[in-house]
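Got a few minutes to walk through a fold together? Have a look at the model first, then we'll pick it apart.

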Amino acid sequence: GLNDSQMVKKVQNFHFLRCFGPILFFDASEGLDNFHKKQKNSWCNLEEIRIISFIFRSLICLFTNLNLRSIGIISSYQGQVSEIQENNILKRSELKGQINTVDGFQGREKNIIIFSTVRARNERGIGFLSDCRRMNVAFTRAKFSFWGVGKASVLKKDTNWFEGLFDFRKRGRFFCIRKPIERSNRRLIYWTTEDEKIYSEDG
């Protein structure tokens, strides 16, 4: 698995911050999926995009020498890819060609992969996300860091995702992001296990 690979064990300069570790899940607990207006039969989740842009902005501010072309942002849905490409913070020349669907990224690798899961309504299910083969492609695109963004309460209805999310929690690599997203800034950068416990209970 990703967490066992020799490549991921290689320490990167951003790995010393727990919130930028080798394998993470950011819980977009307040996100909702919607049909994309232009991409028919596709989905988007704007709250997840806000979280991704927040993570990206924090990363490049803290590590100014980071090669942006070493970052890939992927999703199972073309609608979400289109929205990410148009985001003001993520709309950068260095990221051109680095934002794609899971299928479009097959055969490629990046040092950091940020994966937007999108689906966020219990009554609609999780669609492509229940396909283990496709999810394996998503996870294995990362050389050093895989950061998932999604709504855990919906994803955990699937057996495989339930096990994966349990593992993220057990390793202390599960972070809940709530509105206003900026409120998470201190905890995102300086997170400890105790901070996470307090954040989960403080409403």
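What follows is a set of questions and answers on this predicted model.

Q: In what order do the six strands of the open sheet run?
A: Start with the edges: β5 (99–101) and β8 each pair on one side only. The pairing throughout this sheet is parallel, and neighbouring strands are turned by 25° against each other on average, ignoring direction. Reading across, the order is β5-β4-β6-β7-β1-β8.

Q: How many bridges join β6 to β7?
A: These two strands run parallel. One pair to look for is I112 with its bridge partner in β7, S145. The number of bridges joining β6 to β7 is six.

Q: On the other side of β7, which residue stands opposite I23?
A: Here the neighbour is β1, which pairs with β7 in the parallel sense over five bridges. Look within β7 for the residue facing I23, and you land on F146.

Q: Is β7 largely enclosed or not, and how many of its nine residues are buried?
A: The cut-off for buried is under 20% relative accessible area. Most of β7 meets it, so the strand is largely enclosed by the rest of the structure. The number of buried residues in β7 is eight.

Q: Which residue of β8 does F25 stand opposite?
A: Four bridges join β1 to β8, and the two strands run parallel. In β8, F174 and C176 point one way while F175 and I177 point the other way, and all are buried. The one opposite F25 is F174.

Q: At the other end of the sheet, what is the bridge partner of I73 in β5?
A: β4 and β5 run parallel and are joined by three bridges. Within that pairing, the partner of I73 is I99.

Q: What angle does the direction of α3 make with that of β5?
A: α3 packs on the sheet, where it touches β4, β5 and β6. Its buried residues are G79, Q80, V81, S82 and I84, and what covers them includes β3 (43–44), α2, β4, β5 and β6. The angle between the directions of α3 and β5 is about 175°.

Q: Which element gives the largest share of the largest nonpolar core?
A: This core has 32 residues, and those with the most contacts inside it are F20, F26, L59, I71 and W147. Elements giving two or more residues to it include the strands β1 (23–28) and β7 (142–150), along with the helices α2 (46–62) and α3 (78–86). Another core, of 21 residues, lies apart from it, with V102, F115, L155 and F168 among its members. The largest share of the largest core, eight residues, comes from α2.

Q: Is I51 buried or exposed, and what is its relative accessible area?
A: I51 lies in helix α2. Leaving out residues up to four places away in sequence, it touches F26, A28, V149, I177 and I181. Its C-alpha atom is 9.4 Å from that of D27, although the two are 24 residues apart along the chain. I51 counts as buried because its relative accessible area is just 1%.

Q: How far apart in space are the C-alpha atoms of C19 and W147?
A: C19 is found in the loop between α1 (6–9) and β1, and it is buried, with a relative accessible area of 0%. In sequence, C19 and W147 are 128 residues apart. In space, C-alpha to C-alpha, the separation is 9.6 Å.

Q: What is the phi of V118?
A: V118 is found in the loop between β6 and α4 (132–139), and it is buried, with a relative accessible area of 0%. Most residues other than glycine have a negative phi. V118 isn't glycine, yet its phi is positive, near 75°.

Q: Which element gives the most to the lining of the second largest pocket?
A: This pocket has a volume of about 160 Å³. Its lining includes D27, S29, K156 and R169. Two elements give two or more residues to the lining, α5 (152–155) and α6 (159–170). The one giving the most, with four residues, is α6.

How values were computed: Residues are numbered from 1 along each chain as its sequence is written. This is a predicted model: local features need pLDDT of at least 70, side-chain atom pairs count only at pLDDT 80 or more; totals for chains, interfaces and linings use all residues. Side-chain values use heavy atoms; hydrogens and water are left out. A nonpolar core is a set of buried Ala, Val, Leu, Ile, Met, Phe, Trp, Tyr and Cys residues joined through side-chain atoms within 4.5 Å. Buried means under 20% relative accessible area, exposed over 50%, partly exposed in between (1.4 Å probe, protein chains only). Two strands pair if DSSP finds at least two bridges between them. Axes are lines fitted to C-alpha atoms, for helices over the stretch in contact, and angles run from 0 to 180 degrees between N-to-C directions. Contact means heavy atoms within 4.5 Å. On a 1 Å grid over the protein atoms alone, a cavity is a set of points where a 1.4 Å probe fits but cannot get out, and a pocket is an open set with protein on both sides within 12 Å along at least five of seven lines; lining residues have an atom within 4 Å of a point. Grid points are joined across faces, edges and corners, and a volume is the space filled by probe spheres set on the points.
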